[in-house]
Amino acid sequence: MKAWTVTSPGKLELVESPSESAGAGCVKIKVLESLISKPDVNVYSGKADVPLPVCPCGFCVGMVIETGADVHGLERGDRVFVRSQQSCGTCADCRAGKSWKCENTKIRGYSCDGFMRDFAVVPEADCVKIPDRVKNDEAVFIDYISLAVQTIAALDLDKGDYLAVCGASTLGIVLGQVALYYQAVPIIIDSNPEYLATAKSLGLYYTVDASETDPRTKIFHITGGKMAERVAHIASGNIPLSRSIDFTARGGMLAVIGRFGCIDAIPCSLENAVRNGITITGITNGAKNAQVAINMLVSKAVTVLPLINKTVSFDDIPSALEECATIKLNHFKTLIKFD
Ligand SMILES: [Zn+2]
């Protein structure tokens, strides 16, 4: 088995290891596709506070090539999405079949090995079977859609509610589409016009350029003077949290979303949040919503393919990762296709 591995900051090496068989409750998969995202760049550049060596990339679509004992829901040839969270299999939640709540969760590609490798052995409980109607290139985004669904639920979003999404990142644009599906009114805010153009092209009508206009006044007008009852602050985006608080209506709710805890420090004064009675909640895990996410892909409620702006092969990974690290990772995605 071959794995691109960050052995020290800025150094990615191809590490070969003996073939591994699927143990009890596990499946062996051939990795078909993965995505490079910001946590991978942070691991590579040494910004992430994680022990090295580690194989980056938390997203994976794979094909089952071997099943271990006690595997009942998957068989050879099945395509699966593997959750970014690695469950332990032994805690009370794992034993109750709720591996997404595992108290010993590790994050693949971050606090344990991810999928910049040709083969992997993973617990069946962390796999979600992909139906024929969903392409690999779409399924690799399942964690983003799951997290967006979790955000909508946490914010208790009702039909017709305004949802200000602060950050037109991959997650922000997916979240905007999921909000539309729930008949809410998303307002996408970012300081990069290109990201906003992508959001618009995917049906997100209200966009606000945070660098050009006074975004608060624009949101004031869009919402008929109410401001946004619900606000989603994308932790990895380019809007300061204090601005997101400014966009929130009095008594409203604000969700701070950091994918699986792979977040940087978030400095912010909470004075205005307290003054305006704003409820703030943190969201980092949407893993239990994977089936809902798949249904959204099947029904075309969410479109993700325009969020892929580059496709590379296994051999191209070092240059692709270096490019993401040195040219400032753009908000959308580099897809890795394995042969
Ligand atoms: Zn567990």
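This is a guided tour of a predicted model, moving from the whole chain to a few aromatic pairs and one loop residue.

Before selecting anything, note that residues are numbered from 1 along each chain as its sequence is written. Because the model is predicted, local features need pLDDT of at least 70 and side-chain atom pairs count only at pLDDT 80 or more, while totals for chains, interfaces and linings use all residues, and side-chain values use heavy atoms, with hydrogens and water left out.

**The whole chain**

Select the protein chain and display it as a cartoon, where you will find 11 helices and 17 strands, taken as DSSP runs (helices are H or I of at least four residues, strands are E of at least two) and numbered from the N terminus. The radius of gyration is 20 Å, close to the 20 Å that the globule rule gives for 339 residues, so the chain is as compact as a globular protein of that length; this radius is taken over C-alpha atoms, and the rule is 2.2 Å times the number of residues to the power 0.38. Along its principal axes, the C-alpha trace spans about 60 × 40 × 35 Å.

If you colour by burial, 54% of the 339 residues are buried, where buried means under 20% relative accessible area, exposed over 50%, and partly exposed in between (1.4 Å probe, protein chains only).

**The aromatic pairs**

Next, show the aromatic side chains, which form six pairs in the structure; rings of Phe, Tyr and Trp (its six-membered ring) pair if their centres lie within 6.5 Å, with planes under 30 degrees apart counted as stacked, over 60 as edge-to-face and the rest as tilted. Select F141 and Y144, a tilted pair at 6.1 Å centre to centre and 45° between the planes. F141 is buried, with a relative accessible area of 0%, and Y144 is buried as well, at 4%.

Then move to Y205 and Y206, whose ring centres lie 4.9 Å apart with the planes at 70°, so this pair is edge-to-face. Here Y205 is exposed, with a relative accessible area of 62%, whereas Y206 is partly exposed, at 29%. For a further stop, select W4, F314 and F338, which form one aromatic cluster.

**A loop glycine**

Finally, centre the view on G23, in the loop between β2 (11-16) and β3 (26-36), where this glycine is partly exposed with a relative accessible area of 32%. Leaving aside neighbours within four places in sequence, G23 is in contact (heavy atoms within 4.5 Å) with G68, A69 and V121. Add P123 to the selection: its C-alpha atom is separated by 8.7 Å from that of G23, although the two residues are 100 residues apart along the chain.
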